[in-house]
Amino acid sequence: MEKVAIGLAVLLLLFFTQVTPERVERELEKVMRQALPAKTVDVEIEGSPGFPTMQGKFRKLTVQIEGLSFSGGQLLELLPVRFTDKPEKEGKVEEVHLLLKDADYEGLKISELQAHAKTVRFDMKGSLREKRLVLVSAASGTLSGFISASSIQSYLAEYALKNGIESPQVRLRHGSVEVEGRWRVELAGVPLLRIPFNAVAELFPANGNEIRWRLKHATVAEIVPLPAGWLQERFQNLNPLVRFDLSPLQIQIQIQTVTVSPKGVQFEALFSLSL
C-alpha cells in the first residue's frame, strides 16, 4: 500500500511539474512567431500548474511584439486567432496585456501601442487542436498609443504631398499642428498656380476610430482672390488623417482623446470585441 501511495505521489508530482503555464507559453510564442511578420514576439503566462492549466485557467497573459507591419484588413490573416460561439471546452484568462513596439500601421509608424482587457474566454480544446487562439466571449478594454514627433511629421508631410500640397513642412506644437507649403490648384489635372500658405490645425477623434484635423487659423498668400473658407474646405477634404479599421477582427474602437505635444501624439481609446 505504501508503494502504491509513493507511486501515486510520483505520478502527481510529474503531472504538476509537466502541465505548466510555461509549456503553454512556449507553444503560443512559437505559433505567434511563425505567424507574424515581426522582429520579436515574447509571451508570458501566469497561472498555476496542474489542473488549472489543464482546464485552461490562467491569471494573466502578456504579449509583446516588436516591429510588426500590418493593415486592418491583414490582421485576421496574420494573427493566429479565430472566433466561435460553440466551444468544446472553455478556458479563461483573467487579464490580458498586449504591447506593440515600433509598429507600422499602413505607413504610420507607431512607437508604442498598448491594449489591456479583463476576463477573456477561449475554447481550450479548439485552440490546442488548431494551434491558434479560438476566442469565445466578448471582451472590452482600453487602448493607448504614442506616435513620435518625427513619425507623425513624416506621415503628415507625405500625406499632404499626395494631396496637392507641395514642399510641405509639418511642426508639432502644444495642442496643435502647424503646416506650411504651397497648395497646388489644378484644372482637369493641369496645374494652374501654387498658393503659399501657413496654417495651424488641431487633431481630434471622430467616428470612433478616426483621427481628423480642423483648421484653427491660417495665412494665405493673396495671389488671386479666393472664396471665403477656401483653405478650410481643403483641409476638411483631407480627412480622415488616420482610420484604425480593425473590423475584420470584430474589434470596435472608440478613440476618446488625442493629445499633441512637441514630442508626439498620444491617443487613448476604448475597444470592444463582439462575436
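Which residue's side chain meets that of Arg 214 in a salt bridge? The partner is Glu 202, and the N to O distance is 2.6 Å in this model, which is a predicted one. The legends below take up this pair again, after a view of the whole chain.

**Figure 1. The whole chain, with its seven helices and 15 strands.** This overview shows a predicted model of a chain of 275 residues, of which 43% count as buried. The accessible surface of the chain comes to about 15,200 Å², and 53% of that surface belongs to carbon and sulfur atoms. If one takes the contacts between residues at least 6 apart in sequence, 61% of them join residues that are at least 24 apart. The structure also holds 15 salt bridges, and some of these are shown in the views that follow.

**Figure 2. A salt bridge between strands β12 and β11, formed by Arg 214 and Glu 202.** Arg 214 lies in strand β12 and Glu 202 in strand β11, twelve residues apart, and the pair therefore links distant parts of the chain. Arg 214 is partly exposed, with a relative accessible area of 36%, and Glu 202 also counts as partly exposed, at 25% relative accessibility. Side chains of opposite charge can pair when their charged atoms come close.

**Figure 3. The salt bridge of Glu 166 with Arg 182, and the network around it.** The closest N and O atoms of Glu 166 and Arg 182 are 3.3 Å apart. This pair links distant parts of the chain, since Glu 166 is in strand β9 whereas Arg 182 is in strand β10 (residues 176-187), 16 residues apart. Glu 166 counts as buried because its relative accessibility is 14%, which falls under the 20% limit, whereas Arg 182, at 34% relative accessibility, counts as partly exposed. Salt bridges that share partners join Glu 166, Arg 182, Arg 184 and Arg 194 into one network.

**Figure 4. A salt bridge within helix α6, between Lys 162 and Glu 158.** Here the closest N and O atoms are 3.5 Å apart. Both residues lie in helix α6 (residues 149-162), and they are four residues apart, about one turn of the helix. An α-helix has 3.6 residues a turn, so residues three or four places apart point the same way. Lys 162 is exposed, with a relative accessible area of 65%, whereas Glu 158 is partly exposed, with a relative accessible area of 44%.

**Figure 5. Helix α2 (residues 21-35) and the side that carries its buried residues.** With 15 residues at 1.5 Å a residue, helix α2 should span 21 Å, and this agrees with its end C-alpha atoms, which are 21 Å apart. The buried residues of α2 are Pro 21, Glu 25, Glu 29, Val 31 and Met 32. Because these residues cover an arc of only 165° around the axis, they are on the same side of α2. They pack against β1 (40-46), α3 (51-54) and β2 (57-66), while on the other side of α2 Arg 26 and Gln 34 are exposed.

**Figure 6. Helix α7 and its buried face.** Trp 230, Leu 231 and Phe 235 are buried in α7. Seen down the axis of the helix, the buried residues of α7 fall within an arc of 130°, so they line one face. The buried residues of α7 pack against β10, β11 and β12.

**Figure 7. The cis peptide bond from Asn 239 to Pro 240.** The omega angle of this bond is near -5°. Pro 240 is placed in the loop between α7 (230-237) and β13 (242-243), and α7 is the helix of the previous view.

**Figure 8. Positive phi angles at Ser 167 and Asn 207.** Ser 167 has a positive phi of about 50° although it is not a glycine, and its place is in strand β9 (residues 165-173). Asn 207, also a residue other than glycine, has a phi near 55°, and it is found in the loop between β11 (190-206) and β12 (210-220). Ser 167 is partly exposed, with a relative accessible area of 48%, whereas Asn 207 is exposed, with a relative accessible area of 60%.

How values were computed. Residues numbered from 1 in each chain as written. Predicted model: local features only at pLDDT ≥ 70, side-chain atom pairs only at ≥ 80, totals over all residues. Heavy atoms only, no water. Helix = DSSP H or I, 4+ residues; strand = E, 2+ residues; numbered from the N terminus. Buried < 20%, exposed > 50% of the residue type's maximum accessible area, 1.4 Å probe, protein only. Contact = heavy atoms within 4.5 Å. Areas by Shrake-Rupley, 256 points an atom, 1.4 Å probe, with all protein chains shown as cover. Salt bridge = Lys/Arg side-chain N within 4 Å of Asp/Glu carboxyl O. Expected span 1.5 Å × (residues − 1). Arc of directions from axis to C-beta.
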